[in-house]
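Trainee: Please take one part of this protein and look at it closely with me, slowly enough that I can follow each step in the picture.

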Amino acid sequence: MYEFRGATLQDAIHQAVRYPALSTKTLAKMAAKFDFTARMRMGSVLFVGEGNLSFALTMSRTPRDPASSILATVDEAEEGLTDTACDNARKLLKLGCSVKTGVDTTGLSDTIGKRQFRTIIFQFPNVASRYPRYGQNPNHVLVTRFLKSARNHLKPGGLVVISTVDSPFYEGAFKLDEAARKAGFAAPAIFSCDPEDYAGYSHQNMANEGSATDGHTAFATFVFSG
Ligand SMILES: C[S@@+](CC[C@H](N)C(=O)[O-])C[C@H]1O[C@@H](n2cnc3c(N)ncnc32)[C@H](O)[C@@H]1O
């Protein structure tokens with residue numbers, strides 16, 4: 001008889017029917033959307049890996065506490081910014097926000113010192129490479145290192161927020177539960193997400209690629225609390 005890890009095929013089928021695997025998609029459907037706008041009213045916000053800065057700009061235009069600082073950052077050097085990113089950076093500065101280039105999310109203290117925030121947001125993290133690092137998907141390595149670094153920049157009660165495409169492929173690439181555990185966070189709360197809810201946000205992907213959201217219809221926001 002066919003056996004897998006000591007269980008018969010019949011046992012395995014019985015288990016799978018009784019306890020179907022929960023996909024991120026299923027979980028996301030169980031929760032409401034994460035309220036980014038409410039979060040903007042709750043204190044200082046750090047945006048990282050912002051690409052063309054359009055998400056930070058859109059959110060900074062929502063009602064918020066003027067005394068709370070907003071810092072929008074990109075990985076790229078100033079010379080590497082697109083025209084759209086430069087334009088959005090100017091608009092952010094006019095709104096009283098700060099903008100910083102050359103901010104690597106995996107070592108935030110190198111560029112932002114000891115600053116702490118109520119919320120740290122990374123929308124659609126993605127590295128240009130598909131080659132494994134340390135035997136792991138490079139996107140898993142990115143989010144794990146980001147979470148470890150962000151932990152040191154959270155105010156008490158603060159949250160780290162990451163949105164990704166909601167598909168088994170992305171779930172397997174990011175492995176966010178495992179990343180949370182490695183970085184000392186509890187398993188993230190999962191919310192559904194629709195980038196089209198944010199007028200003015202035009203998602204930017206890595207150089208020479210289309211939008212990471214193109215061709216996808218399901219998205220999820222993962223919320224990590226210390
Ligand atoms: C798919 S794009 C998303 C850009 C933007 N967040 C958005 O939603 O339009 C992925 C972004 O991750 C950024 N990124 C990748 N690795 C990073 C790192 N180590 N530190 C900061 N940003 C990083 C890239 O520069 C790129 O802008």
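Mentor: What follows is a walk along one helix, the loops on either side of it, and then a ligand.

This is a predicted model, in which local features need pLDDT of at least 70 and side-chain atom pairs count only at pLDDT 80 or more, while totals for chains, interfaces and linings use all residues. Residues are numbered from 1 along each chain as its sequence is written, and side-chain values use heavy atoms, with hydrogens and water left out.

Let us begin with helix H7, which runs over residues 138–151; helices (H or I, at least four residues) and strands (E, at least two) are DSSP runs, numbered from the N terminus. H7 has 14 residues, and the distance from its first C-alpha to its last is 20 Å, close to the expected 20 Å, where the expected span is 1.5 Å times one less than the number of residues. At the start of the helix, a side-chain oxygen of Asn-137 comes within 2.8 Å of the backbone nitrogen of Asn-139, which is a polar contact (a pair of N or O atoms within 3.5 Å; within protein, one must be able to donate a hydrogen and the other to accept it, and residues adjacent in sequence count only if both atoms are side-chain atoms).

H7 is mostly covered, with eleven of its 14 residues buried, where buried means under 20% relative accessible area, exposed over 50%, and partly exposed in between (1.4 Å probe, protein chains only). Among the buried residues are Pro-138, Val-141, Leu-142, Phe-146 and Leu-147. Their cover includes strands E3, E6, E7 (154–165) and E9 (219–225), together with helices H8 (168–174) and H9 (176–183).

Now step past the end of H7, to His-153, which sits in the loop that leads from H7 to E7. His-153 is buried, because its relative accessible area is 3%. It touches, leaving aside residues up to four places away in sequence, a group of residues including Leu-108, Ile-112, Arg-115 and Phe-117, where contact means heavy atoms within 4.5 Å. The C-alpha atoms of His-153 and Ile-112 are 9.1 Å apart, although these residues are separated by 41 residues along the chain. The side chain of His-153 also reaches the backbone oxygen of Arg-115, at 2.8 Å.

On the other side of H7 is the loop that joins strand E6 (117–123) to the helix, and Phe-124 is found there. Phe-124 has a positive phi of about 50° although it is not a glycine, and it counts as buried because its relative accessibility is 9%. Leu-53 also has a positive phi without being a glycine, of about 65°; it lies in the loop between E3 (45–48) and helix H4 (54–60), and it is buried because its relative accessible area is 0%.

Finally, look at the ligand, which has 19 residues around it, with Gly-49, Glu-76, Asp-104, Gln-123 and Tyr-201 coming nearest; a residue is near if one of its heavy atoms lies within 4 Å of the molecule. A backbone N or O atom of Gly-49 lies 2.7 Å from a ligand nitrogen, and a side-chain N or O atom of Glu-76 lies 2.7 Å from a ligand oxygen. A polar side-chain atom of Asp-104 is 2.9 Å from a nitrogen of the ligand.
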